[in-house]
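Here is a briefing on one protein chain. Begin with a single charged pair, then move out to the fold, the core and the cysteine links.

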Amino acid sequence: MLLSNLAVVITTCFVLVQCHDCKDYDLSASDQSLIDMMKHYLHTSRKEQGPSTGKQGASGVTYVRWGKKECSRAGELVYTGQAGGNQHTSKGGGVNYLCLPNDPENGEPIKVGNVQLFGAEYQTDSSYGPSEMKSNLIQKEVPCAVCYQRKRSTVLMIPGRKTCYKGWTFEYTGYLMSDYKDYSYKDYVCVDKDAEPVDNKTSDENGALFYVISTNCGSLRCPPYKNGVSVKCVVCTK
């Protein structure tokens, strides 16, 4: 369809150019038929497309709010759940944290399992976390919320910041966390500064772990950074 429409446009333009030096601008019957066909095409295509409303289509982005059961601001809650991941002592398998919904549709039992999915626990207290966060989170499970923001196209987690740059919309701020440096690899995630537990259960079952990380000066330039401090983070959308 595109090629045929393009051919019509090119042919029409050629006819008009050829007649540019004509004194009477007389057109043959075939030329007039071509122009009439072009007019008809333009008229019908406008009807098919309809008037432009200037409104954006239905679009948006999702992000995980780690450490909370609800979304902030105008975010729409997709689902709430519990953070999970691979066992902290595992040397292979998945390395990312997962936000597991509270209403799973479970699979079938298997005899020999590749066990990798565990719940996640906070490893933060007065010694291992910033004073801004609650000190009673240690050994408690980590909640999470998957949030949807309408009319946005990009999600950005900025490490080392607690505010968004100009032109970006603030979603939440917190602290950068991951598993302990001597354990298995995990993603860096931004855990809400007002983090809460899944419930009041404290059992020290380990599994996937959330530790606040700190800086080390050297190849990391100080200033502007400081040595041995927690790392703030912020989640922004645009």
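K186 and D179 pair through their side chains in a salt bridge, with N to O at 3.6 Å. The term salt bridge covers a side-chain nitrogen of Lys or Arg within 4 Å of a carboxyl oxygen of Asp or Glu. The model is predicted: local features need pLDDT of at least 70, side-chain atom pairs count only at pLDDT 80 or more, and totals for chains, interfaces and linings use all residues. Residues are numbered from 1 along each chain as its sequence is written, and side-chain values use heavy atoms, with hydrogens and water left out.

**Salt bridges**

- Side chains of opposite charge can pair when their charged atoms come close.
- The whole structure holds 7 salt bridges.
- K186 has a relative accessible area of 11%, so this lysine is buried. Its partner D179 is buried too, at 7%. Here buried means under 20% relative accessible area, exposed means over 50%, and partly exposed lies in between (1.4 Å probe, protein chains only).
- D192 and R65 form another salt bridge, 2.8 Å from N to O. This pair links distant parts of the chain: D192 sits in strand β8 and R65 in strand β1, 127 residues apart. Both D192 and R65 are buried.
- K201 meets E205 in a salt bridge of 3.5 Å, N to O. K201 is partly exposed, because its relative accessible area is 44%.

**Fold and surface**

- The chain has 2 helices and 10 strands. Both kinds of element are DSSP runs numbered from the N terminus: helices are H or I with at least four residues, strands are E with at least two.
- From the N terminus on, the order is α-α-β-β-β-β-β-β-β-β-β-β.
- The chain has 238 residues, and 34% of them count as buried.
- Contacts (heavy atoms within 4.5 Å) often span the sequence: among those between residues at least 6 apart, 73% join residues at least 24 apart.
- The chain exposes about 15,600 Å², and carbon and sulfur atoms supply 53% of that area. Accessible areas come from the Shrake-Rupley method with a 1.4 Å probe; for residues, only the protein chains shown count as cover.

**Nonpolar core**

- The largest nonpolar core has 30 residues. Such a core is a set of buried Ala, Val, Leu, Ile, Met, Phe, Trp, Tyr and Cys residues joined through side-chain atoms within 4.5 Å.
- W66, M133, V191 and F210 have the most contacts inside this core.
- Strands β1, β4 (118-122), β5, β7 (169-178), β8 (189-192), β9 (208-212) and β10 (232-237) each supply at least two of its residues.

**T237 and its surroundings**

- T237 lies in strand β10. Its relative accessibility is 0%, so T237 counts as buried.
- The side chains of T237 and E171 share a polar contact of 2.7 Å. A polar contact is a pair of N or O atoms within 3.5 Å; within protein, one must be able to donate a hydrogen and the other to accept it, and residues adjacent in sequence count only if both atoms are side-chain atoms.
- Leaving out residues up to four places away in sequence, T237 touches V61, Y63, R152, T154, V155, W168, T169 and E171.

**Disulfides**

- The whole structure has 5 disulfides. Each is a pair of cysteine sulfur atoms within 2.5 Å.
- With bonded cysteines counted along the chain, the pattern is 1-4, 2-3, 5-10, 6-9, 7-8.
- C71 and C147 are joined, S to S 2.2 Å. C71 is in the loop between β1 (60-66) and β2 (76-85), while C147 is in strand β5 (residues 143-150), 76 residues apart. The S-S torsion of C71 and C147 is about -105°, so this disulfide is left-handed. Both C71 and C147 are buried.
- C99 and C144 are bonded, with their sulfur atoms 2.1 Å apart. C99 belongs to strand β3 (residues 98-101) and C144 to strand β5, 45 residues apart. The S-S torsion of C99 and C144 is about 100°, so this disulfide is right-handed. C99 and C144 are both buried.
- C217 and C222 are linked, S to S 1.8 Å. The link of C217 and C222 is left-handed, with -90° about the S-S bond. C217 is partly exposed at 27% relative accessible area, and C222 is partly exposed at 30%.
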